[in-house]
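Open the structure in your viewer and keep the selection tool handy. We will hop from stop to stop, and at each one you can check what is there.

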Amino acid sequence: MSDKLKVSSNPHVRSRATVNGIMAAVIIALLPATGFGIYHFGPKALQLILISIVTTVGTELLYGLISKKQTVDDLSAVVTGLLLALNLPVSVPWWMPVIGGVFGILVVKLLFGGLGQNIMNPALAARCFLLISFPAQMTDFHYDAVSGATPLAALKAGESVNVMDMVIGRTAGTIGETSLIAIVIGACILILLGVIDLRIPGSYILTLLLFVGVFGGHGFDPAYLVAQLAGGGLMLGAFFMATDYVTRPITVGGQYLFGIFLGLMTGIFRIFGPGAEGVSYAIILGNLLVPLIEKITWPTAFGRGGKRHAK
Amino acid sequence: MNKAGERLWNGLVRENPTLVLMLGMCPTLAVTTSAMNGLGMGLTTMVVLALSNLMISLLRKAIPSRVRIPAFIVIIASFVTVVQLLLEGYLPSLNKALGVYIPLIVVNCIILGRAESYAYTNPPIPSLFDGIGMGLGFTFSLTCIGAVRELLGMGEVFGYRVMPESYVPIGIFVLAPGAFFVLAGLTALQNYIKIRGERKGRDMSRFQSGCGQDCMSCGLSGCSSRMEKAAKASGAKASEAKAGNDRATVAGGSRPGRVERAVMAAGGKANEIPDIQFVNGTKEGKK
């Protein structure tokens, strides 16, 4: 009897995954995009990435020393710093990732209680903070020493874009977002390692494609759809930021719902909004809705529900 | 401490309406885009607050408690109209900057709150000073918030360039989110100072009322020693309450306000404004 009936307290489902391991996997998966960004935009990109990481790690280290609860060794600050830098145009001054890094780590993450308690993705919140504060510098995109519109802005203005360049990444944009191929390689690494699955990115991207297909004014023209897919921060956001464990819903149904919501918001921002891009705002809005999404998709426990428990 | 001085201190520090009581958030967040706007809004509110407190206190025996809120509103609205006409006449630019928030002083919860909780149950002179103290506290907080937002968001304070020319303003601070950041930051700062004093075992009762009236979620460690002290001071009242309700004595026997409320809950005389009684009771009890 005692062999068959094992009595223990929860948790009953265990896994070998650790925070460090997951964060390390995300960092490795971001390397292709980072490498391409540095190759494409030059040493200034590397400099910004390093400043950003040093700032986020330093902020977390200092806060840990002050509050006597050190959490810097979980590598999450490195991921935040890297993601923040990948979300900046290469032309920003050096102090901008510093302000963004301190804001993202200190205000968005640590003041809410550290990793696991933050209500928004710290890197994205920092990017939005910078975008609202310094709109001129944050939308000043350089490529080949020429200031130019991002392909998405050009697309919105009705100009033609070179879709092949966008897929490879030879366009203007933020450091990490330009190359579809590099990001997809990273995403494949994450999926193969089992760190993320396709629920959120898949429903996000499909919803967005449907939305721009219907409302974009170009119908389901493949070139247009690929341009929407490869342009802007969609891939980076869908695979690396919307899937952030802390700020995504934990229920399966909720994850699909979350992805659909993000796709709708991004589509609305891109097609009907004043700017060309809306991935960061969409994900942040989605992050804030996560508690509500979880509430409506919460599964019913065995033995609950039905007529007896209906109010 | 004399009564008038105590009221001023109470409004400015112990029960600062913005940073401690968290009242009047709407104008606080909306108009503090610059130090000047904060100062203007604060002073305007202070004038209305002081005058309406005085008037309500003078009329407190004449106003039946059933219709006291409409009566308060009429009194407050009269003063707001006067102030608004004066502003339009003499400071049109400030009037324009503050916009709809001047008429909205009528429903400002600080003013209604002080009328309810203090002026309606206290004599005129302390009520006047309560209004001035609360108004000063409001003005002080709004000016601080406005100054920080103006400094970070425009590099200026009161319109004078403070930051070096190379400083790039952080635009978000003059927008709505900036108001929340700065308000939260300043509130945290004053809480930090007060709680640090408590932790070091200092008597902080001069600096904080220290009581959100909710012992369950209270994190103050220095509270018990203060309660003992207050218990000695108001021994008579506490023992009187002991007879009335044991649980009340356990929960907060040193606090006449809480005791009174508990006694009421236990079947004492029904009171229409228990919270107000509590606030006053705390004050009297500390004497």
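Start by selecting Met22(B) in this predicted model. Is Met22(B) buried, partly exposed or exposed? Its relative accessibility is 36%, so Met22(B) counts as partly exposed, since the partly exposed class runs between 20% and 50%. You will find Met22(B) in the loop that links helix H1 (3-14) to helix H2 (25-31) of chain B. Its backbone is worth a look too: phi is near 60°, a positive value in a residue that is not glycine. Most residues other than glycine have a negative phi.

Now move to chain A and select Leu75(A), in the loop between H2 and H3 of that chain. Leu75(A) has a positive phi as well, about 70°, although it is not a glycine. With a relative accessible area of 28%, Leu75(A) is partly exposed.

Next, select residues 43-67 of chain A to light up helix H2. How many residues does helix H2 of chain A have? There are 25, and from the first C-alpha to the last H2(A) reaches 36 Å, close to the 36 Å expected. Buried residues of H2(A) include Ala45(A), Leu48(A), Ile49(A), Thr59(A) and Glu60(A). To see what covers them, show H1 (19-41), H3 (76-86) and H4 (95-109) of chain A, which are among the covering elements. Just after the helix comes Lys68(A), with a positive phi near 55°.

Stay with H4 of chain A and pick Lys109(A). Is Lys109(A) buried or exposed? Lys109(A) is buried, because its relative accessibility is 1% and buried means under 20%. Show its neighbours: Lys109(A) touches Glu60(A), Ser76(A), Asn118(A) and Pro122(A), among others. Glu60(A) is one of the buried residues of H2(A) that you have just seen.

Now for the open spaces. Select Leu106(A), Val107(A), Val108(A), Leu111(A) and Phe181(B): of the 32 residues lining the largest pocket, these lie nearest its centre. H2, H4, H5 (122-133) and H14 (279-297) of chain A each give two or more residues to this lining, and so does H8 (176-199) of chain B. Which element gives the largest share of the lining? That is H8(B), with nine residues. The volume of the pocket is about 1300 Å³. Colour its lining by class and you will find 30 nonpolar residues, two polar and no charged ones.

The whole structure also holds two cavities of 30 Å³ or more. For the second largest cavity, with about 40 Å³ of space, select lining residues including Pro151(A), Met166(A), Glu177(A) and Gly232(A). Its lining divides into four nonpolar, four polar and one charged residue.

Go on to Ile260(A), in helix H13 (residues 252-272) of chain A. Ile260(A) is partly exposed at 36% relative accessibility. Ser203(A) and Thr207(A) are in contact with Ile260(A). Add Leu208(A) too: 52 residues separate it from Ile260(A) in sequence, yet their C-alpha atoms are 8.0 Å apart in space.

For the last stop, select Asn10(A) and Pro11(A), which are joined by a cis peptide bond with omega of about 5°. Pro11(A) sits in the segment before H1 of chain A. Most peptide bonds are trans.

Methods:
Residues numbered from 1 in each chain as written. Chains lettered and ligands numbered in written order. Predicted model: local features only at pLDDT ≥ 70, side-chain atom pairs only at ≥ 80, totals over all residues. Heavy atoms only, no water. Helix = DSSP H or I, 4+ residues; strand = E, 2+ residues; numbered from the N terminus. Expected span 1.5 Å × (residues − 1). Buried < 20%, exposed > 50% of the residue type's maximum accessible area, 1.4 Å probe, protein only. Contact = heavy atoms within 4.5 Å. 1 Å grid on protein atoms, 1.4 Å probe; cavity = no way out; pocket = protein on both sides within 12 Å on 5 of 7 lines; lining within 4 Å. Points joined across faces, edges and corners; volume = space filled by probe spheres on them. Nonpolar A, V, L, I, M, F, W, Y, C, P; charged D, E, K, R; others polar. Lists of a residue's contacts leave out its neighbours within four places in sequence.
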